[in-house]
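Reader: Could you pick one part of this model and take me through it closely? I'd like the neighbours and the odd spots too, in plain words.

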Amino acid sequence: MREKEIKFTLNIFEDPAELTAEDGGLLKKAAEALQNSYSPYSGFKVAAAVLLENGEIVTGTNQENASFPVGICAEGTALSAVSAMYPNTVIKCIAITVKSESRLVDHPVAPCGVCRQRILEYENRFKSPIRLIMMGESGGVYSVNSVKDILPLHFSKYDL
Ligand code: THU
């Protein structure tokens with residue numbers, strides 16, 4: 001038996017003002033999109049802003065359903081919109097932010113496992129890493145350079 005340690009780099013910005021203008025602008029677009037969240041069941045709004053190689057930004061928000069499992073995460077909504085409108089355009093970066101109706105979210109929130117897998121598909125499809133930027137309502141910002149950083153030992157088309 002041998003042990004292999006897998007490390008990843010998490011960039012932590014204590015103050016959003018430390019972000020580049022591009023990253024700060026993308027997070028702002030995500031924050032603006034929060035109003036489009038349809039989340040009457042959880043009261044937890046999530047928005048994703050996807051930056052494409054051509055400079056376009058596509059946003060998506062969580063869309064819940066009375067039949068709970070039918071709901072779609074913000075990342076899924078945004079990526080489906082990208083795929084529908086710009087099917088052949090490389091995705092550079094996704095900014096994700098949240099807002100709760102019941103409490104202040106004082107830390108960045110990372111995408112769920114299903115959404116990590118969704119994002120991985122686009123990284124592999126375009127053979128280009130997708131940076132992720134995450135922010136709560138307060139409490140700084142996290143970024144990672146690839147979804148693979150937060151989905152180690154993943155399953156992908158290369159396993160089929
Ligand atoms: N949600 C997202 O939109 N993205 C995630 O990565 C995690 C969870 C949504 C789903 C549901 O509408 C609400 O957050 C509470 O789970």
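**The sheet and what packs on it**

Author: Let's start with one pair: F44 has S100 in strand 4 as its bridge partner. That match belongs to a run of 9 bridges joining strand 2 to strand 4, and the two run antiparallel. (Strands here are DSSP E runs of at least two residues, helices are H or I runs of at least four, both numbered from the N terminus; two strands pair if DSSP finds at least two bridges between them.) Helix 2 (residues 74-85) packs on the sheet here, touching strand 2, strand 3 and strand 4, where contact means heavy atoms within 4.5 Å. The direction of helix 2 makes about 140° with that of strand 3; axes are lines fitted to C-alpha atoms, for helices over the stretch in contact, and angles run from 0 to 180 degrees between N-to-C directions.

Before going on, keep in mind that this is a predicted model, where local features need pLDDT of at least 70 and side-chain atom pairs count only at pLDDT 80 or more, while totals for chains, interfaces and linings use all residues. Residues are numbered from 1 along each chain as its sequence is written, and side-chain values use heavy atoms, with hydrogens and water left out.

Now the whole sheet: 6 strands make an open sheet with mixed pairing, in the order 1-6-5-4-2-3. Strand 1 (11-13) and strand 3 are the edges; each has a single partner strand, so one side of each has no neighbour in the sheet. From one strand to the next, the twist averages 15°.

Strand 5 is worth a closer look. Of its 5 residues, 4 are buried, meaning under 20% relative accessible area (exposed is over 50%, partly exposed in between, with a 1.4 Å probe and protein chains only). Strand 5 pairs with strand 4 in the parallel sense over 5 bridges, and R131 is the bridge partner of C93. The connection runs through helix 3 (residues 113-126), giving a right-handed β-α-β unit; right-handed means that, with the strands pointing away from the viewer, the path from the first strand over the helix to the second runs clockwise. With strand 6, strand 5 pairs in the antiparallel sense over 4 bridges, and M134 stands opposite Y142. Those two strands form a hairpin with 5 residues between them, and G139 in the turn has a positive phi of about 95°.

Two other residues also stand out in phi. K127, in the loop between helix 3 and strand 5, has a positive phi of about 50° without being a glycine. K127 is exposed, at 65% relative accessible area. L153 lies in the segment after strand 6 and has phi near 55°, again positive in a residue other than glycine. L153 is exposed too, at 82% relative accessibility. Most residues other than glycine have a negative phi.

Last comes helix 1 (residues 21-33), whose buried residues are D23, L26, L27, A30 and A33. They sit on the same side of helix 1 because they cover an arc of only 115° around the axis, taken from the directions from the helix axis to the C-beta atoms. A21 and K28 are exposed on the other side. The buried set packs against strand 2 (44-52), strand 3 (57-61), strand 4 (91-100), strand 5 (131-135) and strand 6 (141-144).
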